[in-house]
Amino acid sequence: MLGFLKEPVVVTVEINMNVMVLTLMGLISRLWGLSYPRAVVFDEVYYGQFVSLYMKRIFFVDDSGPPFGHMLLALGGYLGGFDGNFLWNRIGAEYSMNVPVWSLRLLPALAGALCVPLAYQILVELQFSHCAALGAALLILLENSLITQSRFMLLESILIFFILLAVLSYLKFYNLQKHSSFSGSWWFWLLLTGVACSCAVGVKYMGLFTYILLLAIAGLHFWHVIGDQNLSNVSLMCHFLARGLALIIIPVAMYVSFFYVHLTLLYRSGPHDQIMTSAFQASLEGGLARITQGQPLEVAYGSQITLRNVLGKPMQCWLHSHTNTYPIRYENGRGSSHQQQVTCYPFKDVNNWWIVKDPGMQQLVVSNPPRPVRHGHIVQLVHGITTRYLNTHDVAAPLSPHSQEVSCYIDYNISMPAQNLWRVEIVNRESDTDVWKTILSEVRFVHVNTSAVLKASGFTGASLPEWGYRQLEVVGEKLSKGYHQSMVWNVEEHRYGKSLEQKEREVELHSPTQMDISKNLSFMAKFTELQWKILTLKNEDTEHKYSSSALDWVTMDTNIAYWLHPTSSAQIHLLGNVVTWASANAAALLYMCLSLWYLIRRRRKIYDIPEDAWQLWVSAGGICVGGWAVNYLPFFGMEKTLFLYHYLPALTFQILLIPIVLQHISDHLCRSVLLKSMFTALIVAWFSSVYFVYCTFSPVTYGEPSLSVTELKDLRWKDTWNILIRKQ
C-alpha cells in the first residue's frame, strides 16, 4: 500500500531562459534609480492626491476613470507606510521624508518591466520564431517612452501590462482549444483572459478598446467552433457558457467589485461629496451625515425642510428666498411681478428652510401623529423666515423669458391673486402611494394652476445680476419642454416643526435636529450613482502646454517635459525612440499593403504564400493592427485634452508588428540565400540604430546625467520638441 514511498518524488521544472533574462533586463531598466528624482513628476501631482485620500479614507470622485488603478497606486503607498500627509500642489515639489517614493513608483515600474517578457510570449503564441519574439521584447525594452512612463506614479504601464496579459492569456487559451478543451490549463487561461480584461478596464476606460477587440476575436473563433461537425450540441453549449462566464460575467462582477472595495475603503466625507446626492453624502462618515443623523424619515404636513437640487450643476444649491423683491423693471425693459425673490443658493443658510403646509389647514406644525405627505398630494411651501408662500404665475422669469417667474407671494392688493398650490410627484417612487422621504425621495413640484415644474435654471451657469446677489435663477418650466434633472429636488435637512409662534419658529429653524432614524444607501445604489457621475462629470478642459492632437502622435511631433531639476539642466521627457516609432509606422503600412496585395491575388486564385502562412499573417494582423487601431482611432472622436501618453497602448501593438513583418519578409519575400543574408545584415544595422537612439536619449529618459546646453540642443531632432534650456 505504501510502495510508492520506495521511489523518490521527482518534480521536473522547465525554465525558459529567454523569459528569465528578458524579465531581469526589464526589471533593471525600469527599477534602476527609481527614487530619482525625489520630486513630483508631471501627473504624479494628480494621482498623488488620490493616494493621500485613500490613506486617509476620504471619499473622492475621479472623472478620468474607474478606481482600480488608483487603488494599485495606493497599495504601493500602503506597503511603504505612507500616511497621506503631503501637499500635492506643484510639479517639481520636493517630497518630504514621510513619502515612500520608491514604494509609490514600484507597481507601475514592475508592470512596465513585465511587459517585456509578455511581448516575447505573445509572439511565441502567435507561432512566430523565438528570434522574432526576442526582437519584439527587446524593442519594448529599449522604447524610451515606455521606460519613462513606467518609472513614475502613473497608470499607463499598468494598463499596458493588463492589456498584454489579456492578449497572451487568450492566445494560450486558443492554442489549447485545438487539443485539450476544458482541461485545467484551458480553464486557467480562459479565466485569466477575463480577469485581465476586467483589470485593464478597471485601470482606465481605454482598456475597454482591447476588451472589445478580444470579444470580437473570441466571437469569430467561436463561430468556427460552431462549424465543427465533431462537436455535439451539448458540447457547443458548454463552450458557449464557458466563454460567456469567463469573458463577460466574471469581468463585469470584478469591475463592480473594484467599486465595492473603493467605497468600503473611502467611508469618510471629503471635498468631493458635494457633487453626490444628499443620500450618498449622508452615507459617509462626517460632513452631511453629522447634520442629517437622526432626522425624521417621512415628510409630513408641518415639516421644516431644505430642498437641494438633484442636478448639482454648476454647483450644489438649495431652494432659497429672502426679503428682497424682483425689480419692477429689468435692464432690458421687461416688467416683473415685484414679488419676493426665489433663488437657488449654493450655501447652507437659514433662508433655505421651508415649511410643508396642508392647503386645507392653517397650522404650520406637525400634528400628533404626523400626517405623511404622499405622491400626488397637494401642498403649499411656506418660506420659514418670511412666512410667504412659494408662488408662480404667468410672468416671464428674469433670465429665462420663456419660463415663468417663481416668487414668494406678496399681496399688493392688485389683480394678481396667489397661485401657490404645488403637487408633489416622487420621481423614483415604487408605487403611487409612496411617502415622501427625507434624502431618499427625488421629487418634482408641479404647479397646480399652470402645470409648470419648479426648476433651477442656473445649471447653464447664468446667475442673477447684483439685485439677485449673483444667486442662481429658479423658474417654472412647462413639462412639454421635456424632463431634466434640474427639475428634481430632494429633502436634505428635515425636522418636525413644533413652534406655533413665528419668533419661536425662527429659533427652531436655527437649531439642529436630534431624532434617531438611519438612512443608509445600498451598495448597488451607491455604485450606480458613482458610476453615473464618473461617466457624466466633465471638468472644464483647458488647453495644456503639452497637450496634443492624435495626428501628432504617429510621427511623434510632440513631447512632454515631465521634470526639470531646480538648479541643473537635468530633465525628464516623454520622448519615444525615433527609429522604433518610424519602423512601427512603416511596418503597419507595409502590412496593410501586403495584405491588400495578397487579397487581390488570392481573388485571382494566385497564392503567393502557403495557406498556413496566410492564416498566421491574418491572425497576427488581427491582434497587432487591430490592437493599434482600436487603441488609436477612437481618440479622433474624443472631446478631451489629449497627451502623447494616450498613444502608448496603440504604440505597443504596433511595435509587436515590426518583427512579424520582418520575419514574413525574410521567410517569404527573400527567395535567395544572398537576399536573406543581406536582409539579416540590414536588420542588425537597424537594431543597432534602435540601441543607439535609446542610449542617446537615456539622459532625458532617466533624468541623469545632466547635459550641457550644447548636448541638449543636439537632442532637439525636431523643431516641435520642447527641450528645456536654462537661460545663462
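This briefing walks through two helices, a disulfide, two cavities and some unusual backbone spots in the structure above. The model is predicted, so its local features need pLDDT of at least 70 and side-chain atom pairs count only at pLDDT 80 or more, while totals for chains, interfaces and linings use all residues. Residues are numbered from 1 along each chain as its sequence is written, and side-chain values use heavy atoms, with hydrogens and water left out. Helices (H or I, at least four residues) and strands (E, at least two) are DSSP runs, numbered from the N terminus.

**Two helices to look at**

- Helix H2 covers residues 44–55. Its 12 residues should span 16 Å at 1.5 Å a residue, and its end C-alpha atoms are indeed 16 Å apart. The expected span is 1.5 Å times one less than the number of residues.
- How many of the 12 residues of H2 are buried? The count is 10, so H2 is mostly covered; buried means under 20% relative accessible area, exposed means over 50%, and partly exposed is in between (1.4 Å probe, protein chains only).
- Among the buried residues of H2 are Glu44, Val45, Tyr47, Phe50 and Met55.
- The buried part of H2 packs against helix H3 (68–79), helix H4 (101–125) and helix H10 (233–265), where contact means heavy atoms within 4.5 Å.
- Arg57, just after H2, takes a positive phi of about 60°.
- Helix H16 has 26 residues, 578–603. The expected span is 38 Å, and the end C-alpha atoms are 38 Å apart, which agrees.
- Buried residues of H16 include Val579, Trp581, Ala584, Ala588, Tyr591 and Arg602.
- Which helices do these buried residues of H16 pack against? They are helix H5 (130–141), H6, helix H15 (550–554), helix H17 (611–632), H18 and helix H19 (673–702).
- Just after H16 comes Lys605, with a positive phi of about 65°.

**Cysteines**

- The structure holds one disulfide, a term for a pair of cysteine sulfur atoms within 2.5 Å.
- The partners are Cys317 and Cys344, with their sulfur atoms 2.1 Å apart.
- Cys317 lies in the loop between strand E1 (303–309) and strand E2 (318–325), and Cys344 lies in strand E3 (residues 340–345), so the pair ties together parts that are 27 residues apart in sequence.
- The torsion about the S-S bond is about 85°, so this disulfide is right-handed.
- Both Cys317 and Cys344 are buried.
- Cys199 is in no disulfide, and the nearest cysteine sulfur, that of Cys197, is 9.4 Å away. Cys199 counts as buried because its relative accessibility is 7%.
- Cys238, at 37% relative accessibility, counts as partly exposed.

**Cavities**

- Rolling a probe the size of a water molecule over the atoms shows where empty space is left.
- Searching the whole structure finds three cavities of 30 Å³ or more. On a 1 Å grid over the protein atoms alone, a cavity is a set of points where a 1.4 Å probe fits but cannot get out, and lining residues have an atom within 4 Å of a point. Grid points are joined across faces, edges and corners, and a volume is the space filled by probe spheres set on the points.
- The largest cavity has a volume of about 70 Å³. Its lining includes Arg30, Cys115, Gln149, Glu156 and Leu648.
- H4, helix H6 (144–150), helix H7 (156–177) and helix H18 (648–669) each give two or more residues to that lining.
- The second largest cavity holds about 50 Å³ of space. Among the residues lining the second largest cavity are Phe60, Asp62, His70, His262 and Ile534.

**Unusual backbone spots**

- Most residues other than glycine have a negative phi, and most peptide bonds are trans.
- A cis peptide bond joins Asn368 and Pro369, with omega about 5°. Pro369 lies in the loop between strand E4 (353–357) and strand E5 (378–383).
- Glu704 and Pro705 are also joined by a cis peptide bond, with omega about 0°.
- His338 is not a glycine, yet has a positive phi of about 60°. This residue sits in the loop between E2 and E3.
- Is Ile439 buried or exposed? Ile439 is buried, with a relative accessible area of 3%, and its phi is near 65°, a positive value.

How values were computed
1 Å grid on protein atoms, 1.4 Å probe; cavity = no way out; pocket = protein on both sides within 12 Å on 5 of 7 lines; lining within 4 Å.
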